[in-house]
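Me: I'm new to this structure and would like to learn how to read it. Could you walk me through it, beginning with how the copies meet?

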2 protein chains.
Amino acid sequence: MAKEVTKRADNYSQWYDDLVVKADLAERSAVRGCMVIKPYGYAIWEKMHDTLDKMFKDTGHVNAYFPLFIPKSFLSREAEHVEGFAKECAVVTHHRLMTNPDGPGVVVDPSARLEEELVVRPTSETIIWNTYKNWITSWRDLPILCNQWANVVRWEMRTRLFLRTAEFLWQEGHTAHATREEAEAEAMKMINVYADFARNTLALPVVVGHKSPNERFAGALDTLCIEALMQDGKALQAGTSHFLGQNFAKAFDVQYTSKEGKQEYVWATSWGVSTRLMGALVMAHGDDNGLVLPPRLAPIQVVMVPIYKSEEERNAILDKMDELKRELEAHGHTVKIDDRDTLRPGFKFAEWELKGVPVRIAIGPRDLQNGEVELARRDTLEKCQVPQEGLGKRIEDLLEEIQANIYAKALKFRDESIIKVDTWEDFKEKIENGGFLLCHWDGTTETEERIKEETKATIRCIPIDSAVCEEEGKCIYSGRPSHRRVLFARSY
Amino acid sequence: MAKEVTKRADNYSQWYDDLVVKADLAERSAVRGCMVIKPYGYAIWEKMHDTLDKMFKDTGHVNAYFPLFIPKSFLSREAEHVEGFAKECAVVTHHRLMTNPDGPGVVVDPSARLEEELVVRPTSETIIWNTYKNWITSWRDLPILCNQWANVVRWEMRTRLFLRTAEFLWQEGHTAHATREEAEAEAMKMINVYADFARNTLALPVVVGHKSPNERFAGALDTLCIEALMQDGKALQAGTSHFLGQNFAKAFDVQYTSKEGKQEYVWATSWGVSTRLMGALVMAHGDDNGLVLPPRLAPIQVVMVPIYKSEEERNAILDKMDELKRELEAHGHTVKIDDRDTLRPGFKFAEWELKGVPVRIAIGPRDLQNGEVELARRDTLEKCQVPQEGLGKRIEDLLEEIQANIYAKALKFRDESIIKVDTWEDFKEKIENGGFLLCHWDGTTETEERIKEETKATIRCIPIDSAVCEEEGKCIYSGRPSHRRVLFARSY
């Protein structure tokens, strides 16, 4: 095999980096903390984009685009928001470079200093609510249901490809409503859109819940989230949806005239997912041979590798592959024939396994003679001989089966990793093995922070599924009374 | 009519601004020179994106994503490039804000100064070629055919919505090739993709040509362009494709080992179109009533307006409209029923005319009785009664006809505006009326700049259509010998 991948058991973190880089998803750039998303990785992101975009539009949302820059003063308008985002942001102070008078290259032109510094958006609530002020005067202007696909910058000190980068790609929905109830329903609707997307497209079984007050988005009254479990037992926040109350409407003075003729502040939500989902995809499903892509996100769903000795065999096999490719494409599948003649089949097999292609078809001279192909599935690594006839339908069923199987496997792992814990001793022991610990908590930020200090575990969410967690009990840490269990885990 | 639009004859420039803002395409933001692209405008841009993206993929290109930031020193690597872009760029100097110790709000944290300043990308050749260095070692790695959809920033002093903004959206293709011939062919292929897109989708008849050396992209050996003519007789550069030679490969030391085992520098192209095309669309086709959108770009292709007095009539008409809408949607058209009950039909007619919807269908009680609808086309403003039966097919043909008619009208205008001029006196007179002047030029930058100083006209391009311009003659300005005519115009 050409590219060695570290084994998960040896070094999970290195295994992740290996997969991202060696499977050509992304790489570090010359700019600190910023990544280059390579064509293969970007093709997966495009599928995420297209699927989500359709889901947003089907639920009545439209896209728009707001400025990259935010005037520094806007950030301070909402008190909690500035606390949350001012500490790590890229600040534009000048608008010109000039030839270096003292040497080679260019330097900042000191005369081109901006009157007010601009921040590269870390999130767009402030610039968007400043805009909504002009769009909203009457109840007739509501709701506004906008989404934006954009890049954002947060100057993180420690970065990891996809999981935490200084610049990342995301979508951010920003909605404006006449009533509290409508805004709350919107925030819930969108976290459910994310959960459906995670389950059906990413094959990622997520837990939907509320964040504890301490973990809320800066400026939100409530933050809903989807939490996924990675194979090392750490949790990953995969998407959030915030009920912002009237905080931004008040900060930017956005009021509307109600049907009754009264002036009222507008209610808001915002919600987003990012290229972080790429990291979740890698870590949730990959194995020691490389990526395992759910068919619905795979840029190549079926790869065909010819096995031959002579030029004559090669030509005959490639002709047959062209024919089969057309049949599979007619069924809506994406197919690649790997006809490179400088590489051995074994090398190609390993490369496409590394890249997580769901199905591999190999054809050799004997297969050609017998009217068969060798079929290999990436998820189970099983191989079998099947007839060429009816291949289109067979592959269609197989891709569905693989999608379902990847989800089922991840779901089983997650369900086995949700453990009820009732004592502090047990908590400290179990948390070392990873997984979600379902525990009673007294509801105070103080207890939450103590638990974090002692174990590095945080409350990932308070699940909305009341059957799972609504029961009386005592806080594992303080012993004080608690009315429901919450999910603790260490996290990315 | 609710929103007055300035007439073209009264003030063309104000007419343009009125259309952009009042038809809800875009508006100015709180950030100097940056625009907000509103949902209706963004929906048109999405159609441009989707159509172009497919054309790029059909010609073998893939998408990727490169960092927003460029280290300052990268810009200086290519001597001409830095001259072209350093003067107007947003410079990030710090990565943190802090609470203002002397008052309210936040200030730049002086301790968070970056070691090397970062420039917000004005274009990405430098960061991309720095990346390509790692991707290319052998002839087997070539060609690389990447495109990126991104935002870029150029700190323009005078801005206009879509035409010239500090931040804009665009795509930039960056390709790497083993030979000069292949790179030159790529640059030509892509300008032809743009020309096809302009003609078939934007309904914009463009002239394809080479820029004069003086007007080339900073760092290019050749710049190809498509030039469109606006209704006021000014030209607009709608897209460019650059043959970059080995300039960037040399600046970033990108070499490959050829089949013969020799080290060679890589050949490059880059090509792009931007949200500027939105401006071209408005100015090329709009009229005094508002936008005129080619059906292939219209977010709403057919709008239906019910005309009624009683609630009973309203319900009956809306039921019929639902039925017709389903029929039209089955033909692949985008349909909106304007059922707002607080507005008069006349107001709605004007609003959808302003927004350029290609076809309007009105149904009143008598139409319902007669099994007819009133059909109005936006391009000609003609109205007629047609039967409801077979409406799907009729609309399909009509949308095709409108698309063709908008193009034909623009083509006629452009062809009438290309004028051969052979004397300097004539040039100075004719240029006042706008249009493309097809003239002999002695090939020197000196002459080109004199002409610009005296008339504000520049060489828009040296057309590649040799039948149009290859002939012997004398430069209109210097009288020196010339072998071909070139196109002069005033431009945006």
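Reply: Happy to! Keep in mind that this is a predicted model. A good start is to ask whether the two sides of an interface use matching residues. Here, 98% of the interface residues of chain B are also interface residues in chain A, so the copies meet through the same surface.

Me: How many residues does each chain bring to the contact?

Reply: Chain A gives 51 residues and chain B gives 52. On the side of chain B that touches chain A, sorting by class yields 33 nonpolar, eleven polar and eight charged residues.

Me: Which strands of the two chains pair with each other?

Reply: Look at strand 5 in each chain, residues 91–94: the one from chain A and the one from chain B pair in the antiparallel sense, over three bridges. Within this pairing, A:H94 stands opposite B:V91.

Me: What turn and shift lay chain B on chain A?

Reply: A turn of 180 degrees with a shift of 0.0 Å along the axis does it, and the RMSD is 0.0 Å. The two copies are therefore related as by a two-fold rotation axis.

Me: Which residue of chain B comes closest to that axis?

Reply: That is B:V92, whose C-alpha lies 2.1 Å from the rotation axis. This residue falls within strand 5 of chain B, residues 91–94.

Me: And within one chain, what domains are assigned to chain A?

Reply: The assignment gives domain 1 (12–285), domain 2 (300–398) and domain 3 (417–489). To picture their spacing, take the C-alpha centres of domain 1 and domain 2 of chain A, which are 41 Å apart.

Notes:
Residues numbered from 1 in each chain as written. Chains lettered and ligands numbered in written order. Predicted model: local features only at pLDDT ≥ 70, side-chain atom pairs only at ≥ 80, totals over all residues. Domains from an automatic or database assignment. Contact = placed C-beta atoms within 7 Å. Nonpolar A, V, L, I, M, F, W, Y, C, P; charged D, E, K, R; others polar. Pairing = 2+ DSSP bridges. Helix = DSSP H or I, 4+ residues; strand = E, 2+ residues; numbered from the N terminus. Least-squares fit on C-alpha atoms with pLDDT ≥ 70 in both.
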